[in-house]
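Let's take a walk through this one together. Keep the sequence and the 3D view open side by side as you read.

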Amino acid sequence: MTSRNLLASLLTFSIIILFSACKSQEFDFSKKDVKSGQKLVGLDFDKQSVNTMYRYLGRNKTGYDSLRKYETDNETFPALLFDPHPSGYTMPENNPTGNQWDIPEDIALPSSDEEIAFMSIPELASLIKSKKLSSERLTQIYLDRIKKYDAKLQSVITVTEELAMKQAREADRQLASGNYKGILHGIPYGVKDLMAVEGYPTTWGAAPYKNQMINYTSTVVKKLEAQGAVLIAKLVSGSLARGDVWFGGKTKNPWDLNQGASGSSAGSGSATSAGLVAFSLGTETLGSITSPATRNGVTGLRPTYGRVSRHGVMSLSWSMDKVGPLCRSAEDTEIVFNAIYGKDPLDPTTNDIGFSQVDKRPSDLKVAYLKEDIEADSSDQGKNLWAELEVLKEMGVNPDPISLPKNYPYNVFDIILRAEAGAFFDDLVLSKGVDQMVEQHYGSRANSLRQARLIPAVEYLQANRQRRQLMDDIHQLFKDYDVIIAPTFRGRQLFITNLTGHPVVSIPTGFDKRGRPTSMTFIGNLYDEGSILALAKAYQKVTDFDEKHPPLFYNSQND
């Protein structure tokens, strides 16, 4: 027998042995399980197809079991990164103008600490720069307010007092030596407790992680530290970025303590509204900045996807997460956004596209409004929005009516978020740590993470293909306008713009019959935060809703 024939015989024999082994192999699931399981995803393979698939499915499961033995770092993004740019999209020119904010020189030091706590960032900057108020004293004012009021609000998870006093004293020392770092120098703030700060717990608002220590600091916190800002608190995130319930309780709306603060950036919205911090950072995947901004009567900016680094920030959905500021005015929001945006080599979704303030009169902006969505809202939210549309028209805005596309499978798009969250928290589910979470009901994060294991990869990809078509349609609809006026919640704009990555700002529009804040939303084109903030600032100059503060936490006689 030749060596070639011998090799062929051995190869044939090996294949026969391997086939026999596979044929006789039994797995820890049956063909009946396969037949039943396919019903969960709306399929109906016949018996022969199931027989043929059985060994293949077993091989897949062996691979899954192997994969789970390998650790994946929290900061690792999937190899397939979300691209927010529609077909044929042209990136804007990178020519930032070097944004400047006037720091007024004639600001008098108020007589009460309470009045100081609710001052705007430019006003506080004036007091600090002129040395009428030290950063150390300002920091102590906010720390005292946290100690006095947070038991009612449950907006703070960890007070970073030691770090705050150290940073405040350093800010004062730098100023005394002539090194003024800019408008945020010495200003105290808080961050949603999804953002890592070395030396302090990063709990993600969830019982399984309440003692978690991450040994590095998130990029956004580092950026603010470099500009002299003072971190005084890690604020409540709803459990794993869902709602306003966390392992310590439920964060409250300062305007109505019987109501939750809403959205997973609940602590940021509540603490900012109640004057426990000068400003705060939150995150949004599907409403977690805009919702607490509305509920707590503050201004919230959700930037374009990829504008702000998420390094050191818990991931919920790699293709939908954004970091943004919650402040008491649009001007403050613009100041903070300018401080945190930009390229970060540690976050592969970020870019170096610049941000420039937009210097246009409201009448020079091209504006549209979602007519059908606004008309469909008969609540106080909707009534207030109609009233404020009239205010905008008096300002020279002449909006065109438009409608969002309807012919999309909107009831399936949320599997994108849920599948990505399931991947990030897979170890929590497999280890049964998810059982420790406070909420375990139908709408809880725990339940969402468990069911994510049964979302087919094919459906996830098909949903993203439909998402790509939606992005193209929305781009064609929005590209002729600078600003789209919309209800914050009514209709599908919140869902759609989180899928497409468009920026929005949510601003107060007054109150409902129960004295709770209402809002409206301005939507912008990709990377054009400047236009929506320009209109928001102009609107807030002729209205005073952004200057209203919750009576339980502010003496109205100071107004």
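What follows goes through some helix packing, then a handful of individual residues. Bear in mind throughout that this is a predicted model.

Start with helix α14, residues 414-424. Of its 11 residues, 8 are buried, so α14 is largely enclosed by the rest of the structure. The buried set is Ile415, Ile416, Leu417, Arg418, Glu420, Ala421, Gly422 and Phe424, so the list holds Arg418 and Glu420 alongside residues such as Leu417 and Phe424. And what do the buried residues of α14 pack against? They pack against α15, α16, α17 and α18.

One of those neighbours, α17, deserves a closer look. This helix covers residues 457-478, and its axis comes within 9 Å of the axis of α14, with the two crossing at roughly 135°. Angles over 145 degrees would count as roughly antiparallel, and the crossing here makes α14 oblique to α17. As for the hand, α14 passes α17 in a left-handed crossing. On the α14 side the contact is made by Ile415, Ile416, Ala419 and Glu420, and on the α17 side by Glu459, Tyr460, Ala463, Asn464 and Arg467. Sort those residues by type and you get 5 nonpolar, 1 polar and 3 charged.

Now compare that with another pair, α11 (residues 330-340) and α19 (residues 529-542). Their axes come within 8 Å and cross at roughly 150°, which makes α11 roughly antiparallel to α19. From α11, the residues in the contact are Ala330, Glu331, Thr333, Glu334 and Phe337, and they meet Glu529, Leu533, Ala536, Lys537 and Gln540 of α19. The split for this contact is 4 nonpolar, 2 polar and 4 charged.

Look next at the loop between β15 (517-523) and α19, where you'll find Tyr527. This residue isn't a glycine, yet its phi is positive, near 70°. Is Tyr527 buried or exposed? With a relative accessible area of 8%, Tyr527 is buried. Lys432 makes a nice companion: its phi is also positive, at about 70°, and it is not a glycine either. Lys432 sits in the loop between α15 (426-430) and α16 (445-452). Here, though, the relative accessibility is 55%, so Lys432 counts as exposed.

Thr500 is worth a stop too. You'll find this threonine in helix α18, which runs over residues 493-500, and at 1% relative accessibility it counts as buried. What does the side chain of Thr500 reach at 3.4 Å? That would be the backbone oxygen of Thr497. The side chain of Thr500 also joins that of His502 in a polar contact of 2.7 Å. Leaving out residues up to four places away in sequence, Thr500 touches Pro84, Leu470, Met471, Ile474 and Leu526.

Finish at Leu175, in helix α7 (residues 161-176). Leu175 is buried, with a relative accessible area of 11%. Setting aside neighbours within four places in sequence, Leu175 is in contact with Ile128, Lys129, Lys131, Tyr180 and His185. If you want a ruler across the model, try Leu175 to Leu276: the two are 101 residues apart in sequence and 24 Å apart in space, C-alpha to C-alpha.

Key:
Residues are numbered from 1 along each chain as its sequence is written. This is a predicted model: local features need pLDDT of at least 70, side-chain atom pairs count only at pLDDT 80 or more; totals for chains, interfaces and linings use all residues. Side-chain values use heavy atoms; hydrogens and water are left out. Axes are lines fitted to C-alpha atoms, for helices over the stretch in contact, and angles run from 0 to 180 degrees between N-to-C directions. Helices (H or I, at least four residues) and strands (E, at least two) are DSSP runs, numbered from the N terminus. Angles under 35 degrees count as roughly parallel, over 145 as roughly antiparallel, 65 to 115 as roughly perpendicular and the rest as oblique. Contact means heavy atoms within 4.5 Å. Ala, Val, Leu, Ile, Met, Phe, Trp, Tyr, Cys and Pro count as nonpolar, Asp, Glu, Lys and Arg as charged, and the others, Gly among them, as polar. Buried means under 20% relative accessible area, exposed over 50%, partly exposed in between (1.4 Å probe, protein chains only). A polar contact is a pair of N or O atoms within 3.5 Å; within protein, one must be able to donate a hydrogen and the other to accept it, and residues adjacent in sequence count only if both atoms are side-chain atoms. A crossing is left-handed if the near helix is turned anticlockwise from the far one by less than a right angle, and right-handed if clockwise.
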